[in-house]
Amino acid sequence: MNGLSTAFIVLGIFLLSGVYSFVKQGMPKSVIVLLGIGGGMSLIAGLLRLETFQ
């Protein structure tokens, strides 16, 4: 597991936890959707990069 894949995974988890926080605060749905898409893409990129280097 290299540093960049770890950074992507941590960033994805951070952004997805932000989605949960924004939903509880009642933020606009467009912001939540964009944050969720960014978090999901970051998490997937980290996982795919992790599998590439095994």
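**Entry 1: T6**

I looked up the side chain of T6 and found that this side chain reaches the backbone oxygen of N2 at 2.9 Å. The model in which I read this contact is a predicted one. T6 belongs to helix 1. I noted its relative accessible area as 28%, so T6 is partly exposed, given that this class lies between 20% and 50%. I then checked the distance from T6 to G46: the two C-alpha atoms are separated by 6.6 Å, although the residues stand 40 apart along the chain.

**Entry 2: S5**

I turned next to S5, which is also found in helix 1. Its relative accessibility is 1%, so I entered S5 as buried; the cut-off for that class is under 20%. The side chain of S5 forms a polar contact of 2.8 Å with the side chain of N2. N2 therefore appears in my notes twice, as its backbone oxygen is reached by the side chain of T6. With neighbours within four places in sequence left aside, I listed G46, R49 and L50 as the contacts of S5.

**Entry 3: helix 1**

I compared the length of helix 1 with expectation. Helix 1 covers residues 3–25, and its 23 residues should span 33 Å at 1.5 Å a residue; the end C-alpha atoms are 33 Å apart, so the two values agree. I recorded S5, I9, G12, L15, G18 and V19 as the buried residues of this helix. These residues pack against helix 2, which runs over 29–52. Just after helix 1, I found G26 with a positive phi of about 80°.

**Entry 4: helix 2**

I repeated the length check on helix 2. Its 24 residues should span 34 Å at 1.5 Å a residue, and because the end C-alpha atoms are 34 Å apart, I noted agreement. The buried residues here are I32, L35, G39, S42, G46 and L50. They pack against helix 1. Two of these residues, G46 and L50, I had already listed as contacts of S5.

**Entry 5: S42**

Which residues does S42 touch, not counting those up to four places away in sequence? I found F8, L11 and G12. S42 lies in helix 2 and counts as buried because its relative accessibility is 7%. I also noted that the side chain of S42 reaches the backbone oxygen of F8 at 2.9 Å.

**Entry 6: M41 and the surface patch**

Is M41 buried or exposed? I read a relative accessibility of 56%, so M41 counts as exposed, the threshold being over 50%. M41 has its place in helix 2. Together with V33 and I37, M41 forms a nonpolar patch on the surface, and the three residues have about 300 Å² of accessible area together.

**Entry 7: the chain as a whole**

I closed with the totals. The protein chain has two helices and zero strands. Along the principal axes, its C-alpha atoms fill a box of roughly 40 × 15 × 10 Å. Of its 54 residues, 22% count as buried. I noted an exposed area of about 3900 Å² for the chain, 75% of which is supplied by carbon and sulfur atoms. I also looked at contacts between residues at least 6 apart in sequence: 67% of these join residues at least 24 apart.

Methods: Residues numbered from 1 in each chain as written. Predicted model: local features only at pLDDT ≥ 70, side-chain atom pairs only at ≥ 80, totals over all residues. Heavy atoms only, no water. Helix = DSSP H or I, 4+ residues; strand = E, 2+ residues; numbered from the N terminus. Expected span 1.5 Å × (residues − 1). Buried < 20%, exposed > 50% of the residue type's maximum accessible area, 1.4 Å probe, protein only. Contact = heavy atoms within 4.5 Å. Patch = residues over 30% accessible without salt bridge, like charges linked within 9 Å, V, L, I, M, F, W, Y side chains within 5 Å. Areas by Shrake-Rupley, 256 points an atom, 1.4 Å probe, with all protein chains shown as cover. Salt bridge = Lys/Arg side-chain N within 4 Å of Asp/Glu carboxyl O. Polar contact = N/O pair within 3.5 Å; in protein donor to acceptor, adjacent residues only side chain to side chain.
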